[in-house]
Amino acid sequence: MKNNNSEKKIAVVGLGYVGLPLALEFSKKFPVIGFDLNTERINELKSGIDRTNEVENDDLLEAKDISFTTNPLDLQKSNFYIITVPTPIDNFKNPDLSPLEGASKTIGSLLKPDDIVVYESTVYPGATEEVCVPILEEESGLKFNVDFFVGYSPERINPGDKKHRLPSIVKVTSGSNEATADTVNHIYSRIIEAGTFKASSLKVAEAAKVIENTQRDVNIALINELSMIFKKMNIDTNEVLEAAGTKWNFLPFKPGLVGGHCIGVDPYYLTHKAKEIGYNPEIILAGRRLNDSMASFVVSEIKEAQKLNGITLAGTKALIMGFAFKENCPDYRNSKVLDMYHELKKLDVSVDVFDPWCSKKDLLIDHNIQLIDQIEKDSYHTLIIAVAHDEFKSIGFDEIKTYAKENHIIYDLKNIFDINDADLRL
């Protein structure tokens, strides 16, 4: 295999929260072609608009050595392909590898001798070699580790995080043989200021990624369960966490809804593989079940509190403030706020949703939910502050309280206001 890094021409396949920052950063060192199937997305990027807010629009307009396309044939001159497509789960919580398989077919049809394909999408250990490589071989007619080579470098982008950016996050790299591992590591080291960590194999790199979010998921599940216990004891969970946090090795996790495209999804990739090899992962699945149940728990608390107020939820009106899966971010993929919305609707509650970050157009298309533009005062029996957007903090609790009717329940799900303000909080 040739190892002339100066001649690398990079193609990034998938220009979402992961792919776009990566393509932009690489374009400072190499010629880059960014590819995405979404024509609207490509047209926006060509106009200098990033709807994900992961890159500054000025940086997008000023980028020199990058082009965007929906035509796979434009990628033919590339020799270093990076695939960053989503890896979601299906309705049965099984891995949905169709985007990854589709991208592999596209790139496989373009492969030339000595090309390298690097995967960044989160998968279970072994997926790159078991699922992707056979597709590359079939589509290209080339032989793996003889004619073309593969790397895996798991993404670590944290949507909405302006502190931990791509260059400042240590990057795990790997390759299908030693020479490829060295090349992949060198290429990434050109843009990662925090440094790289070369894993010993593709499987080790894949496993490292999938356990990062699995660990967080299990820890949050523990805190959510503690919150349920402490509520029955009339103890405020956040006061307990504050006190326990004075010990140097206490981990600072908080209770809450666990959604998004990573923490609420990745553990299912690991448990899928575990079951496939004959092991039942009890702790991981227990954590998943508990975290997936939190939206129902929140609504049950609201129902009980309203009952004490002499109010039956059926026929009442509720406001949910925030729909994104996390604060200060437009990403609502796998947001558990959607579960809460449907739980309320099942109880015949009229639900308004307000989120200044999310796209009204996309949310209507994806979930048939019409975001409201303004919040009417004295209108809601139930008000849920579901996401800790800075805008909600700026509004302040006194103003938010004016949105509610005289007899009401306000649930500060993210605990962004004083303990004595809201009626309920996790």
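What follows is a friendly tutorial dialogue on reading a few features of this predicted model.

Me: Let's begin with sheets. How do strands hold together, and in what order do the six strands of the open sheet lie?

Reply: In general, strands of a sheet pair through backbone hydrogen bonds, either parallel or antiparallel. Here, six strands make an open sheet, and reading across it gives β3-β2-β1-β4-β5-β6, with parallel pairing. At the edges are β3 (66-69) and β6 (149-152), each of which pairs on one side only. From one strand to the next, the twist averages 20 degrees.

Me: How many bridges join β1 to β4?

Reply: Four bridges link β1 (residues 10-13) with β4 (residues 80-83), and the two run parallel. To find one by eye, start at V12, whose bridge partner in β4 is I82. Then look for helix α4 (residues 98-108), which packs on this sheet and touches β1, β4 and β5 (116-119). The direction of α4 makes about 165 degrees with that of β4.

Me: Now the other open sheet, with five strands. Which are its edge strands?

Reply: The order of those five strands is β10-β9-β11-β12-β13, and the pairing is parallel. The edge strands are β10 (350-354) and β13 (424-425), each pairing on one side only. Further in, β11 (residues 380-385) and β12 pair in the parallel sense over five bridges. One place to look is Y380, whose bridge partner in β12 is A404. Helix α11 (residues 294-308) packs on this sheet and touches β11, β12 and β13, with its direction at about 150 degrees to that of β12.

Me: On to helices. How do I describe two that pack together, and at what angle do α9 and α10 cross?

Reply: Two packed helices are described by the angle between their axes and the distance between the axes. For α9 (residues 266-276) and α10 (residues 282-292), the axes come within 10 Å and cross at roughly 145 degrees. The crossing of α9 past α10 is left-handed. On the α9 side the contact is made by P267, Y268, L270, T271 and K275, while α10 supplies I284, L285, R288 and D292. Sorted by class, this contact has five nonpolar, one polar and three charged residues.

Me: Is helix α1 mostly covered or mostly open to solvent?

Reply: Helix α1 (residues 19-26) is mostly covered, with eight of its eight residues buried. Among them are P21, E25 and F26.

Me: What about single residues in loops? Why does D50 count as buried?

Reply: D50 counts as buried because its relative accessible area is 3%, and the cut-off for buried is under 20%. You will find D50 in the loop between α2 (39-46) and α3 (57-62). Its side chain reaches the backbone nitrogen of V55 at 3.1 Å. Leaving aside neighbours within four places in sequence, D50 is in contact with L20, R41, L45, V55, N57 and L60. L20 should look familiar, as one of the buried residues of α1.

Me: And T402: buried, partly exposed or exposed?

Reply: T402 is partly exposed, with 31% relative accessibility. T402 sits in the loop between α15 (397-401) and β12 (404-412). Try a C-alpha distance here: T402 and K377 are 25 residues apart in sequence and 5.5 Å apart in space. Apart from its neighbours within four places in sequence, T402 is in contact with K377 and D378.

Note on methods:
Residues numbered from 1 in each chain as written. Predicted model: local features only at pLDDT ≥ 70, side-chain atom pairs only at ≥ 80, totals over all residues. Heavy atoms only, no water. Buried < 20%, exposed > 50% of the residue type's maximum accessible area, 1.4 Å probe, protein only. Axes fitted to C-alpha atoms, helices over the stretch in contact; angles between N-to-C directions. Left-handed = near helix turned anticlockwise from the far one by under 90°. Contact = heavy atoms within 4.5 Å. Nonpolar A, V, L, I, M, F, W, Y, C, P; charged D, E, K, R; others polar. Pairing = 2+ DSSP bridges. Polar contact = N/O pair within 3.5 Å; in protein donor to acceptor, adjacent residues only side chain to side chain.
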